[in-house]
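Got your viewer open? Let's take a short walk through some charged side chains, one selection at a time.

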Amino acid sequence: MMEYRKLPRGNEMLGTLGLGLGGIQNSPQDEIQAVIETAIANGINFFDLCAGGSSVYEPFGKAIKGKRDKVYFQLHFGAVYKPNGEYGWSRNLDTIRDTFEWEMKTLGVDYVDFGFLHCIDEDSDFEDIKNNGILDYVKGLKEKGIVRRIGFSSHTPSVAHKVIDTGLVDIMMFSINPAYDLEKGDEYGIGSTLERAELFRRCEKEGIGITVMKPFHGGQLLADNTSPFKRELTKNQCIQYCLDRPAVLAVVPGVRNLNDLTELLKYIDSSKEERDYSVIGEFTPEAAVGNCVYCNHCQPCPAGIDIGIVNKYYDLSLAGDNMAANHYDKLVVKADACISCGHCDSRCPFKVKQREKMKKIANYFNK
(Lines give C-alpha, C1' and ligand atoms only; values in the text may rest on other atoms or scores of the structure.)
Protein backbone atom coordinates (compact mmCIF):
# COMPACT_ATOMS: atom_id res chain seq x y z
CA MET A 1 0.00 0.00 0.00
CA MET A 2 1.02 3.58 -0.59
CA GLU A 3 2.53 5.36 2.41
CA TYR A 4 1.56 8.99 2.98
CA ARG A 5 3.59 11.62 4.80
CA LYS A 6 2.31 14.89 6.24
CA LEU A 7 3.73 18.23 5.21
CA PRO A 8 5.21 19.47 8.52
CA ARG A 9 3.73 22.97 8.24
CA GLY A 10 0.36 21.88 6.89
CA ASN A 11 -2.23 19.14 6.70
CA GLU A 12 -1.38 17.90 3.20
CA MET A 13 -0.66 14.17 3.10
CA LEU A 14 1.62 13.34 0.17
CA GLY A 15 2.13 9.86 -1.20
CA THR A 16 5.77 8.86 -0.84
CA LEU A 17 5.83 7.88 -4.50
CA GLY A 18 5.01 10.88 -6.65
CA LEU A 19 5.26 11.42 -10.38
CA GLY A 20 7.31 13.77 -12.51
CA LEU A 21 6.09 14.61 -15.99
CA GLY A 22 9.38 15.62 -17.55
CA GLY A 23 9.84 13.25 -20.49
CA ILE A 24 6.21 12.28 -21.01
CA GLN A 25 5.53 14.98 -23.59
CA ASN A 26 6.36 12.71 -26.53
CA SER A 27 3.50 10.33 -25.73
CA PRO A 28 0.05 10.80 -27.31
CA GLN A 29 -2.37 13.01 -25.39
CA ASP A 30 -4.65 10.10 -24.51
CA GLU A 31 -1.74 8.12 -23.09
CA ILE A 32 -0.60 11.07 -20.97
CA GLN A 33 -4.10 11.31 -19.55
CA ALA A 34 -4.16 7.54 -18.95
CA VAL A 35 -0.83 7.73 -17.10
CA ILE A 36 -2.21 10.35 -14.70
CA GLU A 37 -5.48 8.49 -14.18
CA THR A 38 -3.66 5.19 -13.58
CA ALA A 39 -1.28 6.86 -11.14
CA ILE A 40 -4.17 8.34 -9.14
CA ALA A 41 -5.99 4.99 -9.13
CA ASN A 42 -2.89 3.43 -7.57
CA GLY A 43 -2.58 5.97 -4.76
CA ILE A 44 -0.21 8.53 -6.30
CA ASN A 45 -1.49 11.97 -5.37
CA PHE A 46 1.53 14.22 -5.90
CA PHE A 47 2.72 15.49 -9.29
CA ASP A 48 5.42 17.79 -10.62
CA LEU A 49 4.56 19.40 -13.96
CA CYS A 50 7.90 21.02 -14.67
CA ALA A 51 9.85 20.38 -17.89
CA GLY A 52 7.32 18.08 -19.52
CA GLY A 53 6.47 20.50 -22.30
CA SER A 54 3.27 22.44 -22.86
CA SER A 55 1.45 19.39 -24.28
CA VAL A 56 1.23 17.89 -20.79
CA TYR A 57 -1.13 20.45 -19.28
CA GLU A 58 -4.36 19.76 -21.13
CA PRO A 59 -4.41 15.98 -20.54
CA PHE A 60 -3.35 16.51 -16.92
CA GLY A 61 -6.27 18.90 -16.42
CA LYS A 62 -8.67 16.36 -17.91
CA ALA A 63 -7.27 13.57 -15.72
CA ILE A 64 -7.75 15.46 -12.44
CA LYS A 65 -11.18 16.87 -13.31
CA GLY A 66 -13.54 15.89 -10.51
CA LYS A 67 -10.54 14.80 -8.40
CA ARG A 68 -8.98 18.17 -7.63
CA ASP A 69 -9.30 17.70 -3.88
CA LYS A 70 -7.50 14.35 -4.11
CA VAL A 71 -4.32 15.52 -5.84
CA TYR A 72 -1.48 17.93 -5.12
CA PHE A 73 0.80 19.37 -7.76
CA GLN A 74 3.56 21.90 -8.08
CA LEU A 75 4.06 24.53 -10.80
CA HIS A 76 7.39 26.28 -11.26
CA PHE A 77 7.69 30.05 -11.61
CA GLY A 78 10.53 30.31 -14.08
CA ALA A 79 9.76 27.21 -16.15
CA VAL A 80 8.31 28.47 -19.43
CA TYR A 81 7.52 26.97 -22.82
CA LYS A 82 8.67 27.91 -26.30
CA PRO A 83 6.20 28.34 -29.20
CA ASN A 84 6.87 24.74 -30.27
CA GLY A 85 5.98 23.52 -26.76
CA GLU A 86 9.51 22.76 -25.59
CA TYR A 87 10.52 23.51 -22.03
CA GLY A 88 12.64 26.56 -21.29
CA TRP A 89 13.24 28.88 -18.37
CA SER A 90 13.06 32.60 -17.73
CA ARG A 91 13.64 35.27 -15.09
CA ASN A 92 11.38 37.79 -16.83
CA LEU A 93 8.34 38.60 -14.71
CA ASP A 94 5.98 39.25 -17.62
CA THR A 95 6.90 35.95 -19.27
CA ILE A 96 6.47 34.08 -16.00
CA ARG A 97 3.12 35.75 -15.30
CA ASP A 98 1.84 34.93 -18.79
CA THR A 99 2.99 31.33 -18.45
CA PHE A 100 1.31 30.88 -15.08
CA GLU A 101 -1.98 32.32 -16.29
CA TRP A 102 -1.87 30.02 -19.33
CA GLU A 103 -1.09 27.02 -17.12
CA MET A 104 -4.01 27.66 -14.79
CA LYS A 105 -6.43 28.20 -17.68
CA THR A 106 -5.27 25.09 -19.54
CA LEU A 107 -5.42 22.96 -16.39
CA GLY A 108 -8.89 24.29 -15.58
CA VAL A 109 -8.03 25.04 -11.94
CA ASP A 110 -8.26 28.13 -9.76
CA TYR A 111 -5.40 27.37 -7.37
CA VAL A 112 -2.09 25.51 -7.29
CA ASP A 113 -0.99 23.58 -4.21
CA PHE A 114 2.71 24.41 -4.44
CA GLY A 115 4.15 27.40 -6.29
CA PHE A 116 7.86 26.78 -6.83
CA LEU A 117 10.64 29.28 -7.42
CA HIS A 118 12.36 27.47 -10.25
CA CYS A 119 15.99 26.27 -10.26
CA ILE A 120 17.52 28.51 -7.60
CA ASP A 121 20.98 27.04 -8.15
CA GLU A 122 23.21 30.10 -8.09
CA ASP A 123 23.37 33.19 -5.91
CA SER A 124 22.47 35.14 -9.03
CA ASP A 125 19.25 33.12 -9.39
CA PHE A 126 18.23 34.12 -5.89
CA GLU A 127 19.02 37.78 -6.60
CA ASP A 128 17.09 37.66 -9.88
CA ILE A 129 13.86 36.40 -8.32
CA LYS A 130 14.07 39.16 -5.71
CA ASN A 131 15.13 42.00 -7.97
CA ASN A 132 12.86 41.12 -10.91
CA GLY A 133 9.70 41.07 -8.81
CA ILE A 134 9.17 37.32 -9.13
CA LEU A 135 9.28 36.64 -5.41
CA ASP A 136 6.81 39.44 -4.69
CA TYR A 137 4.52 38.13 -7.44
CA VAL A 138 4.42 34.65 -5.92
CA LYS A 139 3.92 36.11 -2.43
CA GLY A 140 0.98 38.10 -3.76
CA LEU A 141 -0.56 34.97 -5.29
CA LYS A 142 -0.27 33.24 -1.95
CA GLU A 143 -1.99 36.11 -0.18
CA LYS A 144 -4.89 35.69 -2.62
CA GLY A 145 -5.03 31.93 -2.07
CA ILE A 146 -4.13 31.17 -5.69
CA VAL A 147 -0.86 29.62 -4.52
CA ARG A 148 -1.43 27.61 -1.37
CA ARG A 149 2.23 27.12 -0.40
CA ILE A 150 5.54 28.49 -1.64
CA GLY A 151 8.43 26.17 -2.41
CA PHE A 152 11.57 26.16 -4.51
CA SER A 153 13.77 23.77 -6.48
CA SER A 154 17.54 23.73 -6.22
CA HIS A 155 20.65 21.60 -6.63
CA THR A 156 22.93 23.70 -4.42
CA PRO A 157 23.00 23.45 -0.59
CA SER A 158 24.55 26.87 0.03
CA VAL A 159 21.91 28.62 -2.09
CA ALA A 160 19.09 26.51 -0.66
CA HIS A 161 19.99 27.76 2.82
CA LYS A 162 19.56 31.35 1.65
CA VAL A 163 16.09 30.67 0.30
CA ILE A 164 15.09 28.91 3.52
CA ASP A 165 16.44 31.89 5.48
CA THR A 166 13.61 34.03 4.02
CA GLY A 167 11.08 32.09 6.10
CA LEU A 168 8.70 32.02 3.12
CA VAL A 169 9.00 28.40 1.98
CA ASP A 170 7.32 25.25 3.26
CA ILE A 171 8.76 22.78 0.78
CA MET A 172 11.90 22.24 -1.28
CA MET A 173 12.57 20.08 -4.34
CA PHE A 174 16.14 18.83 -4.29
CA SER A 175 18.31 16.39 -6.22
CA ILE A 176 18.97 13.33 -4.07
CA ASN A 177 20.45 9.91 -4.85
CA PRO A 178 23.37 7.81 -3.57
CA ALA A 179 25.74 9.10 -6.25
CA TYR A 180 25.13 12.73 -5.36
CA ASP A 181 25.16 12.23 -1.61
CA LEU A 182 28.34 10.14 -1.70
CA GLU A 183 30.16 12.60 -3.97
CA LYS A 184 30.03 10.47 -7.11
CA GLY A 185 27.61 12.61 -9.08
CA ASP A 186 27.63 15.00 -12.02
CA GLU A 187 27.21 18.76 -12.28
CA TYR A 188 23.88 18.51 -10.42
CA GLY A 189 25.34 16.66 -7.44
CA ILE A 190 26.54 19.84 -5.80
CA GLY A 191 27.87 19.98 -2.25
CA SER A 192 29.93 17.66 -0.10
CA THR A 193 28.45 14.73 1.78
CA LEU A 194 28.46 16.83 4.96
CA GLU A 195 26.93 19.92 3.32
CA ARG A 196 24.07 17.93 1.86
CA ALA A 197 23.45 16.09 5.14
CA GLU A 198 23.38 19.39 7.04
CA LEU A 199 20.82 20.82 4.60
CA PHE A 200 18.52 17.82 4.98
CA ARG A 201 18.80 17.97 8.76
CA ARG A 202 18.03 21.68 8.79
CA CYS A 203 14.88 20.98 6.79
CA GLU A 204 13.95 18.26 9.28
CA LYS A 205 14.47 20.63 12.19
CA GLU A 206 12.58 23.58 10.68
CA GLY A 207 9.71 21.64 9.14
CA ILE A 208 10.65 22.14 5.49
CA GLY A 209 9.40 19.15 3.50
CA ILE A 210 11.56 17.80 0.67
CA THR A 211 10.42 16.32 -2.62
CA VAL A 212 13.11 14.49 -4.57
CA MET A 213 14.16 14.87 -8.18
CA LYS A 214 16.78 12.78 -10.02
CA PRO A 215 16.46 9.72 -7.72
CA PHE A 216 18.07 7.41 -10.31
CA HIS A 217 20.91 9.79 -11.29
CA GLY A 218 19.42 10.11 -14.77
CA GLY A 219 19.13 6.31 -14.95
CA GLN A 220 22.88 5.83 -14.48
CA LEU A 221 22.52 4.05 -11.14
CA LEU A 222 20.37 1.36 -12.74
CA ALA A 223 23.15 -0.39 -14.70
CA ASP A 224 26.66 -1.63 -13.89
CA ASN A 225 28.24 0.02 -16.90
CA THR A 226 26.86 3.51 -16.15
CA SER A 227 26.80 3.56 -12.34
CA PRO A 228 29.68 5.57 -10.82
CA PHE A 229 29.95 2.71 -8.31
CA LYS A 230 30.25 0.09 -11.11
CA ARG A 231 27.41 -1.70 -9.37
CA GLU A 232 23.78 -1.37 -10.36
CA LEU A 233 21.00 -0.45 -7.98
CA THR A 234 17.32 -1.09 -8.58
CA LYS A 235 14.62 1.56 -8.75
CA ASN A 236 13.18 0.21 -5.50
CA GLN A 237 16.53 0.63 -3.74
CA CYS A 238 17.00 4.17 -5.05
CA ILE A 239 13.50 5.23 -4.06
CA GLN A 240 13.87 3.82 -0.56
CA TYR A 241 17.27 5.45 -0.19
CA CYS A 242 15.71 8.86 -0.91
CA LEU A 243 12.76 8.26 1.40
CA ASP A 244 15.16 7.51 4.24
CA ARG A 245 16.83 10.94 4.01
CA PRO A 246 15.73 13.43 6.70
CA ALA A 247 12.69 15.59 5.83
CA VAL A 248 11.87 13.76 2.58
CA LEU A 249 8.14 13.48 1.89
CA ALA A 250 8.02 12.12 -1.65
CA VAL A 251 10.24 10.87 -4.45
CA VAL A 252 9.18 12.18 -7.86
CA PRO A 253 10.67 10.08 -10.68
CA GLY A 254 9.80 10.92 -14.26
CA VAL A 255 7.98 8.60 -16.64
CA ARG A 256 7.69 8.58 -20.44
CA ASN A 257 4.64 6.37 -20.88
CA LEU A 258 2.36 3.76 -19.28
CA ASN A 259 5.07 1.10 -19.38
CA ASP A 260 7.37 3.29 -17.28
CA LEU A 261 4.57 3.94 -14.81
CA THR A 262 3.80 0.22 -14.51
CA GLU A 263 7.45 -0.44 -13.70
CA LEU A 264 7.50 2.37 -11.12
CA LEU A 265 4.34 1.21 -9.38
CA LYS A 266 6.06 -2.04 -8.43
CA TYR A 267 7.68 -0.12 -5.60
CA ILE A 268 4.37 0.19 -3.73
CA ASP A 269 4.07 -3.54 -3.12
CA SER A 270 7.78 -4.36 -3.02
CA SER A 271 9.20 -6.23 -0.05
CA LYS A 272 11.59 -4.87 2.56
CA GLU A 273 14.30 -7.04 1.02
CA GLU A 274 13.69 -5.58 -2.44
CA ARG A 275 14.08 -2.07 -1.03
CA ASP A 276 17.21 -2.85 0.99
CA TYR A 277 20.08 -0.69 -0.27
CA SER A 278 22.67 -1.76 2.32
CA VAL A 279 24.89 -2.81 -0.59
CA ILE A 280 26.01 0.83 -0.81
CA GLY A 281 28.03 0.14 2.33
CA GLU A 282 30.50 -1.58 0.03
CA PHE A 283 31.28 1.66 -1.78
CA THR A 284 30.56 4.36 0.80
CA PRO A 285 33.48 6.84 0.67
CA GLU A 286 35.34 7.98 3.74
CA ALA A 287 33.58 11.35 3.57
CA ALA A 288 30.25 9.67 4.37
CA VAL A 289 31.46 7.21 6.98
CA GLY A 290 29.98 7.76 10.41
CA ASN A 291 27.07 9.84 9.16
CA CYS A 292 23.80 8.38 10.49
CA VAL A 293 20.90 9.27 8.20
CA TYR A 294 18.18 7.57 10.30
CA CYS A 295 17.49 4.92 7.66
CA ASN A 296 17.11 2.14 10.27
CA HIS A 297 18.88 -0.44 8.13
CA CYS A 298 20.40 -1.48 11.43
CA GLN A 299 17.05 -2.79 12.67
CA PRO A 300 15.85 -4.86 14.36
CA CYS A 301 17.67 -3.95 17.55
CA PRO A 302 17.62 -6.84 20.06
CA ALA A 303 17.25 -4.29 22.87
CA GLY A 304 14.34 -2.56 21.16
CA ILE A 305 16.07 0.77 20.50
CA ASP A 306 14.79 2.81 17.58
CA ILE A 307 18.34 3.71 16.57
CA GLY A 308 17.33 6.06 13.79
CA ILE A 309 15.03 8.20 15.94
CA VAL A 310 17.56 8.26 18.82
CA ASN A 311 20.19 9.62 16.42
CA LYS A 312 17.70 12.11 15.00
CA TYR A 313 16.82 13.58 18.40
CA TYR A 314 20.51 13.76 19.26
CA ASP A 315 21.38 15.64 16.05
CA LEU A 316 18.41 17.98 16.42
CA SER A 317 19.38 18.74 19.99
CA LEU A 318 22.95 19.53 18.97
CA ALA A 319 21.51 21.83 16.29
CA GLY A 320 19.66 23.82 18.95
CA ASP A 321 16.19 22.25 18.87
CA ASN A 322 15.04 22.60 22.48
CA MET A 323 12.16 20.16 21.98
CA ALA A 324 14.42 17.30 20.89
CA ALA A 325 15.45 16.44 24.44
CA ASN A 326 11.79 16.30 25.48
CA HIS A 327 11.02 13.94 22.60
CA TYR A 328 13.97 11.77 23.59
CA ASP A 329 12.83 11.64 27.23
CA LYS A 330 9.46 10.28 26.10
CA LEU A 331 11.02 7.28 24.35
CA VAL A 332 10.22 4.02 26.09
CA VAL A 333 13.60 2.53 25.13
CA LYS A 334 16.53 4.93 25.17
CA ALA A 335 20.16 4.75 24.08
CA ASP A 336 21.33 3.43 27.45
CA ALA A 337 19.47 0.17 26.75
CA CYS A 338 22.19 -0.80 24.24
CA ILE A 339 23.67 -4.23 24.98
CA SER A 340 26.63 -3.75 22.58
CA CYS A 341 25.76 -6.82 20.53
CA GLY A 342 27.14 -5.27 17.32
CA HIS A 343 24.17 -6.11 15.10
CA CYS A 344 23.70 -2.44 14.15
CA ASP A 345 27.37 -1.91 13.31
CA SER A 346 27.36 -4.81 10.88
CA ARG A 347 24.24 -3.60 9.06
CA CYS A 348 24.91 0.13 8.65
CA PRO A 349 25.39 1.24 5.00
CA PHE A 350 27.33 4.26 6.27
CA LYS A 351 29.56 2.32 8.66
CA VAL A 352 28.38 4.22 11.73
CA LYS A 353 29.71 2.67 14.93
CA GLN A 354 26.33 2.70 16.61
CA ARG A 355 27.47 0.85 19.72
CA GLU A 356 29.82 3.72 20.51
CA LYS A 357 27.23 6.25 19.37
CA MET A 358 24.59 4.88 21.78
CA LYS A 359 26.95 5.38 24.71
CA LYS A 360 27.73 8.90 23.57
CA ILE A 361 24.06 9.78 23.12
CA ALA A 362 23.09 8.25 26.47
CA ASN A 363 25.75 10.29 28.26
CA TYR A 364 24.68 13.45 26.42
CA PHE A 365 21.03 13.22 27.38
CA ASN A 366 21.73 11.99 30.91
CA LYS A 367 23.64 15.19 31.52
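Is Asp-123 buried, partly exposed or exposed? Asp-123 counts as partly exposed, because its relative accessibility is 40% and the partly exposed class runs between 20% and 50%. Keep in mind as you click around that this is a predicted model.

Now add Lys-162 to your selection. Its side chain and that of Asp-123 meet in a salt bridge, at 3.0 Å from N to O. This pair links distant parts of the chain: Asp-123 sits in helix α4 (residues 123–131), while Lys-162 sits in helix α6 (residues 157–165), 39 residues apart. Lys-162 counts as partly exposed too, with 36% relative accessibility.

Next, select Asp-315 and Arg-201. Here's another salt bridge, with the closest N and O atoms 3.4 Å apart. Colour helix α12 (residues 307–318) to find Asp-315 and helix α8 (residues 193–206) to find Arg-201; the pair therefore ties together parts that are 114 residues apart in sequence. Are these two residues buried or exposed? Both Asp-315 and Arg-201 are buried.

From there, pick out Arg-9, Glu-12, Arg-149 and Asp-170 together. Salt bridges with shared partners join these four into one network.

For a last stop, go to Glu-3 and Arg-5. Their side chains meet in a salt bridge, 3.0 Å from N to O. Glu-3 is partly exposed, with a relative accessible area of 38%.

Want to keep exploring? How many salt bridges does the structure hold? The count is 21, including the ones you've just visited.

Conventions:
Residues are numbered from 1 along each chain as its sequence is written. This is a predicted model: local features need pLDDT of at least 70, side-chain atom pairs count only at pLDDT 80 or more; totals for chains, interfaces and linings use all residues. Side-chain values use heavy atoms; hydrogens and water are left out. Buried means under 20% relative accessible area, exposed over 50%, partly exposed in between (1.4 Å probe, protein chains only). Helices (H or I, at least four residues) and strands (E, at least two) are DSSP runs, numbered from the N terminus.
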